[in-house]
Amino acid sequence: MKHIEFNDYQPIYQQLMDHISQRICRGDLAPGEKLPSVRTMAVEAGVNPNTVSRTYMELEREKIVESRRGQGTFVTEEKQVIEKLRKSQAAVQADRFKSSMEQLGIDKETAFQLLNNTWDGNGGSS
Amino acid sequence: MTNVSCRNVSKKYGRKEALHSVDLTLPENGIAGIIGPNGSGKSTFLKLISGLIRPDSGTVKINGTETGRKSGSEAAYLSEEDSLYDFMTVGKTIAFSAGVYPGFDRELAHTLVEEMKLNEKDKVKHLSRGNKARLKLAVTMARKTPVLCLDEPLSGMDPLVREDILRLIVTHLDVEHQLCLITSHEVKELEPFLDHVLIMHDGQVVVDRNVEELKETERKSLIEMLREVTG
């Protein structure tokens, strides 16, 4: 796996949390699936193992994963938790889209139209 | 856990002051980056911690004992310079190191060398620069000292070797018990691997912070921080 590209302004553990959350939402990491060990994840992502431990701890606090003593860390099997996570991840992206449009000086109506066009695949970034 | 403390440490080479009353306690474990311009005192700092040189004033202690000639079982120093013997093979270098360093983990050394695809029968003389760097690091890591001082392990290496070196550290360092100090100018590349950062400037430590906390409060990359405090 290629190392994750990290941005400069956010703590790495948060970026890694987002990355893992997205993989869970996509189903790339299935409900109940075991996450890689801390060290394996550190090598894969190209980060410090202590950062991965922190990431797993924070994910556990949000009930997205659970650690089982002596066995490792597993993706939650609670569908509701994953659904909630998907919604909150989507909300973050929606926020980003909105602020990018605002920065370009595009109003709500035009933005919606653009989004509609993109969605239907006619009128891309030409 | 290891306690490394510097109390008012100064060091001069001739008239030039390399370190000026450095006073700090290092984190107990994890990976700490030491960054700063050339000549800011990074190597001097590492050599003092490994007991290879003595301060002109002040004290450097590891777990309460002043560092010096006998610090070899506490701190390992990876030199930027050539530190291998040309006439030895890779295998012989491991055997030799096992004889020199107390507590050297021979098995680990063989594993590391194999992981990095070095041939034990090859002579050091015939190794590429990257492979010499890999071997040097393997020998240093196999000493399993509580403190590892890596002086410019990435300098002059191609991107693949740099990646390999960082991977080896992440895979085999015991981040809960060992402290690894790394000096480097490859700040951006090193940043995701760091728990802690020290920024040096003109012989002084001007920033001494946890990296995640620094990002959370300053929302800046280490390069930006470096530019600000040394500019």
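**Entry 1, a pair of residues in the sheet.** I started at B:Ala32 and looked across to the neighbouring strand: B:Ala32 stands opposite B:His196 in E9(B). A reminder to myself that I'm working in a predicted model. The pairing behind this is between strand E3 (residues 30-35) of chain B and strand E9 (residues 196-201) of chain B, and the sense is parallel, over four bridges.

**Entry 2, what packs there.** Next I looked for a helix on the sheet. Helix H8 (residues 222-230) of chain B packs on it, with E3, E9 and E10 of chain B being touched. I checked the direction of H8 against that of E9(B) and got about 30°.

**Entry 3, the whole sheet.** I then walked through the strand order. It reads E6-E7-E8-E3-E9-E10 in chain B, an open sheet of six strands with mixed pairing. Which strands stand at the edges? They are strand E6 (75-78) and strand E10 (204-210) of chain B; each has a single partner strand, so one side of each has no neighbour in the sheet. From one strand to the next, the twist averages 15°.

**Entry 4, two helices.** I moved on to helix H3 (residues 106-115) and helix H4 (residues 129-141), both of chain B. Their axes come within 9 Å and cross at roughly 155°. Angles over 145 degrees count as roughly antiparallel, and H3(B) and H4(B) are therefore roughly antiparallel to each other. I noted the hand of the crossing too: right-handed.

Which residues meet here? From H3(B) I listed B:Ala109, B:Leu112 and B:Val113, and from H4(B) B:Leu135, B:Ala138, B:Val139 and B:Met141. Sorted by class, this contact has seven nonpolar residues, no polar ones and no charged ones.

**Entry 5, the side towards chain A.** I turned to the contact between the chains. On the chain B side I have 16 residues, in contact with 15 residues of chain A. E3 turns up again here: E3, helix H5 (159-172) and helix H7 (211-218) of chain B each supply at least two residues of the side that touches chain A. By class, that side of chain B has six nonpolar, three polar and seven charged residues.

**Entry 6, the record.** Last, I looked up the annotation. UniProt, in an unreviewed entry, places "domain: ABC transporter" at residues 4-227 of chain B. Over residues 4-227 I get 33% helix and 27% strand for the chain. The end C-alpha atoms of the stretch are 27 Å apart.

How values were computed
Residues are numbered from 1 along each chain as its sequence is written. Chains are lettered from A and ligands numbered from 1 in the order in which they are written. This is a predicted model: local features need pLDDT of at least 70, side-chain atom pairs count only at pLDDT 80 or more; totals for chains, interfaces and linings use all residues. UniProt positions are given in the numbering used here, feature names are shortened, and annotations may be inferred rather than shown by experiment. Axes are lines fitted to C-alpha atoms, for helices over the stretch in contact, and angles run from 0 to 180 degrees between N-to-C directions. Angles under 35 degrees count as roughly parallel, over 145 as roughly antiparallel, 65 to 115 as roughly perpendicular and the rest as oblique. A crossing is left-handed if the near helix is turned anticlockwise from the far one by less than a right angle, and right-handed if clockwise. Two residues are in contact if their C-beta atoms, placed from the backbone, lie within 7 Å. Ala, Val, Leu, Ile, Met, Phe, Trp, Tyr, Cys and Pro count as nonpolar, Asp, Glu, Lys and Arg as charged, and the others, Gly among them, as polar. Two strands pair if DSSP finds at least two bridges between them.
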